[in-house]
Amino acid sequence: MIELGGRRRKRTKIIRVKPKIPKTFECPRCGKVSISISIKDGIAKISCGNCGLYTEVDVPPVFDEANAYSKFIDLYLEGKLQIKERTEEITEEENETEGESEEVHIR
Ligand SMILES: [Zn+2]
């Protein structure tokens, strides 16, 4: 039996600060490392800050940006991707900024 109580619980708090992984990847079209990926609701939004490539890829919830990127590359090379050009005008209808759930532990 494990003796409970009586002793002060040791409070060892280990806070692991996740190293910020750069979330930029190489663009298969222009070759610049300017692809940024954001995953939300099972959809990875992939856009290139250099040439304006933009696309969306369905990803399982376990995917992170790197996984999404490799899937994107696969699809891109197979020619199965619908590449949308990011246009100059950005529609300002995006009012879904709530619920950004990134796993960041800052204390
Ligand atoms: Zn590009």
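**A tour of the sheet and its helix**

Begin by selecting strand 2 and strand 3, which run antiparallel and are joined by six bridges; two strands are taken to pair if DSSP finds at least two bridges between them, and helices (H or I, at least four residues) and strands (E, at least two) are DSSP runs, numbered from the N terminus. The model is predicted, and local features need pLDDT of at least 70, side-chain atom pairs count only at pLDDT 80 or more, and totals for chains, interfaces and linings use all residues. Residues are numbered from 1 along each chain as its sequence is written.

Within this pair, isoleucine 39 stands opposite alanine 44 in strand 3. Move next to the hairpin of strand 2 and strand 3, where two residues lie between the strands and aspartate 41 takes a positive phi near 50°.

Now show the side chains of strand 3. In a regular strand the side chains alternate between the two faces of the sheet. Here Ala44, Ile46 and Cys48 point to one face and are buried, whereas Ile43, Lys45 and Ser47 point to the other face and are not buried. A residue counts as buried if 20 or more other C-beta atoms lie within 10 Å of its own, as exposed if 12 or fewer do, and as partly exposed in between, with C-beta atoms placed from the backbone. Over the whole protein, buried residues make up 13% of the 107 residues.

Continue across the sheet to strand 4, which runs antiparallel to strand 3 and is joined to strand 3 by five bridges. Lysine 45 stands opposite glutamate 56 in strand 4, and in the hairpin of strand 3 and strand 4, with four residues between the strands, glycine 52 takes a positive phi near 85°.

Strand 4 (residues 53-58) also pairs with strand 5 in the antiparallel sense, over two bridges, and leucine 53 has glutamate 85 in strand 5 as its bridge partner.

Zoom out to the sheet, which is open and holds five strands in the order 1-2-3-4-5, with antiparallel pairing. Strand 1 (24-26) and strand 5 (84-85) stand at the edges with a single partner strand each, so one side of each is left without a neighbour in the sheet.

Finally, select helix 1 (residues 65-78), which packs on the sheet and touches strand 1, strand 2 (33-40), strand 3 (43-48) and strand 4; contact requires C-beta atoms, placed from the backbone, to lie within 7 Å. The direction of helix 1 makes about 110° with that of strand 2, where axes are lines fitted to C-alpha atoms, for helices over the stretch in contact, and angles run from 0 to 180 degrees between N-to-C directions.

Technical notes. Two residues are in contact if their C-beta atoms, placed from the backbone, lie within 7 Å.
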